[in-house]
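Please open the model in a viewer and keep the sequence panel visible. The tour proceeds by selections, each followed by a description of what is to be found there.

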Amino acid sequence: MTTENSHGLAASGGFRSRSNKKDGKPEHAPDNRRKANNGHGKSNRQARHKQPRHTEYQPGGDPRQLNTIDLGRAVAFDVVYRVDTQDAYANLVLPKMLRDFKIKRRDSAFATEIAYGTLRNQGVIDKIIAASATRPLTDIDPGVLNALRIGTYQLIYTRVDNYAAVDSTVNLVDAIGQEKAKGFTNGVMRKISRTTPEKWFEKLRPVGEIPAIAFKHSHPEWIAESFAKVLGIGELAEALEADSRRPAVHLVARPGEITAEELALMTEGEEGKYSPYAVYLPGGDPGRLEAVRDGLAAVQDEGSQIIGRALVEAPVIGTDNGRWLDLCAGPGGKAALIGCLARIDGASVDAVEIQPHRAELIRKTVSGLPVTVHNQDGRKLTLTPGYDRVLVDAPCSGLGALRRRPEARWRKQESDIADLAVLQYELLESAVAMTRPGGVIVYSTCSPDLRETRAIVDKAVKLLPIEELDAAELSGGMPKTGEHKSVQMWPHRHGTDAMFFAVLRKNENS
């Protein structure tokens, strides 16, 4: 019998359970020696500092060491475990594992579905485990807990057979050296499997419209509230749902090297809707494309392309002398696009980056372009003022790119935004000081949070010698970019990350 998960991936053969019981059912020995405690207020990392646990499994090695578990689940477990215990990034760890160990396509697809799905939905998954376990999550060995997470994901979010999900989770706990936890694991998984996903959602749904939407779409409540302040309630569910869809790959055809039309023909892609340089890739590994290998094109979200182009197209007063500045340039995507346009216009770009390793990344990205990289703090520049165009792509919370890092929504803290807002304003203030009268500044973030977007711009317009221009005119015809002069992009509206940009011009008499 073959089952399928929610994305149509077959779950037979290597995905079948491997029970050794004669009756074909996993053993059922739940641990009822402790009173139920469903609290899980602390993070797992906090709990381990207080009461360290140990598992025999050593992550980061060959997933085939878990030789009693099918390869797809072994890879997924390793990724989820490393994200939880080592602060790894799934979008970096998983592709490397699949490549290094030459994981076949079928196992690769299953591992990707389970790993990314588990990480995106971890908040809901943890609540379900907490409601089913006989001990707090903070008292569960991290290896066992992460095995339960990927098992629960299969039960709640996929069409993997319940028996296969339960049995494979118990076997996984055994394979990582936690044989004594098999009964506990079996008890938790069996309890979860006896309630339908719909009933679990109904049972655990919090009170209030925004909390309920956040729970349904597996987002922290504070992020849902942040989005709702910009979008309103009506589009909130759609926006959160878009965060859980894997983004399409966007390529940028580097101006002066290749056109978007030529790139689309070479890659069998589709020309972008808003950026004249964008191509939507139908699938596959962009790194294998000849145009990308030869430096004619690169991977870049269409929203980033629009922001880079806006800097070059924004109207200055007086003559553009060709002095352009990218104040927060790492890792170099926008600097490369601006550099290509500068080469065409006979201009030059100074690219500033405070982190040495990121400055080196920029140098590699802009090789051959009229771009000079400076390893400096953008707030304390030693460069000569008088730039015609300045880009402030400010460090931010990254709430606009949650779909690119499945674990990111659970790692970010609302308390970080206050410090970021201080830094963002200081960088914008520095940019204005570096701009000549009549020159333009583009302020951008990959976040829709008002504290990082409109609040910074409104404060700057009030306190600094600048005026705000209509950024929508430079958005390539994007619809529904917000009620202000600035542009707010959204994945569900525009297919880009949720990027923000505003265009400011320094007063002539300043």
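**Stop one: Cys 446 and its surroundings**

Select Cys 446 and display the residues around it: apart from neighbours within four places in sequence, Cys 446 is in contact with Cys 396, Gly 398, Leu 399, Gly 400, Ala 401, Asp 497, Ala 498 and Met 499. The model is a predicted one. Colouring by secondary structure places Cys 446 in the loop between strand E9 (435-445) and helix H20 (454-463). Is Cys 446 buried or exposed? Its relative accessibility is 19%, and Cys 446 therefore counts as buried, the cut-off being under 20%. The UniProt record, an unreviewed entry, lists Cys 446 under "active site".

**Stop two: Pro 385**

Next, select Pro 385, in the loop between strand E7 (371-374) and strand E8 (387-393). Pro 385 has a relative accessible area of 45% and is therefore partly exposed. Which residues does Pro 385 contact, leaving aside its neighbours within four places in sequence? They are Arg 323, Ala 433 and Met 434. Draw a C-alpha to C-alpha distance from Pro 385 to Ala 433: the value is 7.1 Å, although 48 residues separate the two in sequence.

**Stop three: helices H2 and H6**

Now select residues 71-86, helix H2, together with residues 142-157, helix H6. The two axes come within 9 Å and cross at roughly 125 degrees. H2 and H6 are therefore oblique to each other, and H2 passes H6 in a right-handed crossing. To view the contact, show the side chains of Arg 73, Phe 77, Val 80, Tyr 81, Asp 84 and Thr 85 on H2. On H6, the residues to show are Pro 142, Gly 143, Asn 146, Ala 147, Arg 149, Ile 150 and Gln 154. Sorted by class, this contact of H2 with H6 comprises six nonpolar, four polar and three charged residues.

**Stop four: helices H6 and H9**

Keep H6 in view and add helix H9, residues 197-204. At what angle do H6 and H9 pack? The angle is about 105 degrees, and the axes are 8 Å apart. H6 is therefore roughly perpendicular to H9. The residues to select here are Leu 155, Ile 156 and Tyr 157 of H6, with Pro 197, Trp 200 and Phe 201 of H9. By class, the contact of H6 with H9 has six nonpolar residues, no polar residues and no charged residues.

Definitions and conventions:
Residues numbered from 1 in each chain as written. Predicted model: local features only at pLDDT ≥ 70, side-chain atom pairs only at ≥ 80, totals over all residues. Heavy atoms only, no water. Axes fitted to C-alpha atoms, helices over the stretch in contact; angles between N-to-C directions. Helix = DSSP H or I, 4+ residues; strand = E, 2+ residues; numbered from the N terminus. Parallel < 35°, antiparallel > 145°, perpendicular 65-115°, else oblique. Left-handed = near helix turned anticlockwise from the far one by under 90°. Contact = heavy atoms within 4.5 Å. Nonpolar A, V, L, I, M, F, W, Y, C, P; charged D, E, K, R; others polar. UniProt positions renumbered as here; feature names shortened; annotations may be inferred. Buried < 20%, exposed > 50% of the residue type's maximum accessible area, 1.4 Å probe, protein only.
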